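The following exercises are to be worked through with the sequence and the model at hand. Each task is followed by a stepwise solution.

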Amino acid sequence: MTEFTVWAPTPDRVRVDVEGTLHDMVRSEDGWWRAEVASRSDARYGFVLDDDPTVLPDPRSARQPDGVHERSQLWQPAPDAWTDSGWAGRSISGAVIYELHVGTFTPEGTFDSAIDKLDHLVDLGVDFVELMPVNAFNGTHGWGYDGVLWYAVHEPYGGPDGLIRLIDACHGRGLGVLIDAVFNHLGPSGNYLPRFGPYLSSGHNPWGSSINLSDADADEVRTYIIDCALRWMRDFHADGLRLDAVHALVDNTAIHLLEELATDTDALAEELGRPLSLIAESDLNDPRLITPRDRGGYGLTAQWDDDIHHAIHTAVSGERQGYYADFGSLATLAQTLKHGYFHAGTYSSFRHRRHGRPLDTTTIPGTRLLAYTLTHDQVGNRAVGDRPSQLLTFGQLAVKAALALGSPYTAMLFMGEEWGSSSPFQFFSSHPEPDLARATAEGRKAEFAEHGWDADEIPDPQDPATFQRSKLNWGEVTEGDHDRLHRTYRALIALRRSEPDLADPWLDHMSIDFDEEQRWIVLHRGAVSIACNLGTEAVTVPVSGELLLAWETAEIRADSTVLAGHSFAVLRTTRDQ
């Protein structure tokens, strides 16, 4: 017998359809319905609410073999699915994380094909793979942030069995796995949760209705989220989660959902005997996210830091539009790298108000923040999805890598960055509903047209060619400057491991020199200095020592180093810190 359960306080009657046969369910006072039914272990099933004959998928469905609108399927992993019993996990502190989108990482776009590229990541030296959302969403391909069945794994990628194979293969190669989880909104197609209960609140965020975290009956909704999060780490052996846009989680309770989730994650880590990590994406610049709970914070492991991205990108590229307006100078770059946040209770011209709060760098290590020069957002949310590699020289790309990987922060790369991939990463979707498909395409064009872009230049997200253009071209890896950049990334990552001073997580231990006019900046990390020339002409930088790595030939003098334009050098110095 199989027990079928569902939380559905809204309908007056619930029946479970198992392989086409309806069975009455019994309701308890807490709004849960239950029924025991004889069924196969892989039976298709769904729920029928009140008098509507539509069979709806299970909100906690483990598998949706026919899509998010169809019946769910019972699923359990095969007894011999896992071979990672020896995996002890690893900390993300100071690690190098590699963000990838399963559908465009390889030509095939599946979990199994991604396994074939894991040796590339091991050779590169990364520590963690971060998967963009793999939960079930409507259509064959998309970014994954419009998921509607959070417990199920997207079938075109390979479903839950494929995800197990990928994570197991990662662990077998010493790679941790993080999964991008979206709990702040639901997608526009296939969201039947409001039929079952009050999953949504009256509020809204940029992507639709907000999730009910603090209104009536919110306790079960919060449990729904936390159970899903823990399931990825317990049942699928993930080593942690990236939590999407946590600033959109509106929670007015005394114990914020994030604090509750962090507490439960720490308890699960103790139970499993391996570290588990929660990384928040937030644009609030609020240190409470990563402040330990015993000091009044939420106790999350780490946080994405867009200020670092903006400071590096604008200083190197010269771009100043939109939210880049306050960035661009070397002074801004130095301040951001030194203090973690640029906006820390200071005026943001883009927001037209004060923004952020200072980070206590004496108690919170830099490794609680992620430094990166590229993310899916910072490429895909550009009008045409162009990468920096399509606009900058390879030397400029190398300088950006040296600044991020040479910093005290936990580092993150976006797939293909390590060789300067020429493939764009554009916004793509595959909504089968004509009205939704048209609205998505028109909305994308209108959004960027308001900012001066020619609407004809904006890729149609529904065009299959937009998806195909975004796939990596692996043939570039060994070609010319692509190969050179790839080897440089590999060497920078190796230095993070071999040089003890580069493992120092404390921002107060780093000093920075720069010359705004000559366009050079030097990060001093103990006896190691990372000197970068952001300008086009050669400059003389007042630092000298043993050359460990350089992009172009660097002339080492007794008390200075000459750097070519758009280049960097890493030196072991005798400089007294």
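Ala, Val, Leu, Ile, Met, Phe, Trp, Tyr, Cys and Pro count as nonpolar, Asp, Glu, Lys and Arg as charged, and the others, Gly among them, as polar. The model is predicted: local features need pLDDT of at least 70, side-chain atom pairs count only at pLDDT 80 or more, and totals for chains, interfaces and linings use all residues. Residues are numbered from 1 along each chain as its sequence is written, and side-chain values use heavy atoms, with hydrogens and water left out.

**Exercise 1.** Determine how the residues lining the second largest pocket divide into nonpolar, polar and charged.

Solution. Step 1: the division is 10 nonpolar, five polar and six charged residues. Step 2: strand E1 (2–7), strand E6 (44–49) and helix H6 (218–234) each supply at least two lining residues; helices (H or I, at least four residues) and strands (E, at least two) are DSSP runs, numbered from the N terminus. Step 3: E1 gives the most, with four residues.

**Exercise 2.** Establish whether Glu281 is buried or exposed, and which side chain it joins in a polar contact.

Solution. Step 1: UniProt, in an unreviewed entry, lists Asp244 and Glu281 for "active site"; such annotations may be inferred rather than shown by experiment, and positions are given in the numbering used here, with feature names shortened. Step 2: Glu281 is buried, because its relative accessible area is 11%; buried means under 20%, exposed over 50%, partly exposed in between (1.4 Å probe, protein chains only). Step 3: the side chains of Glu281 and Arg242 form a polar contact of 3.0 Å, that is, a pair of N or O atoms within 3.5 Å; within protein, one must be able to donate a hydrogen and the other to accept it, and residues adjacent in sequence count only if both atoms are side-chain atoms.
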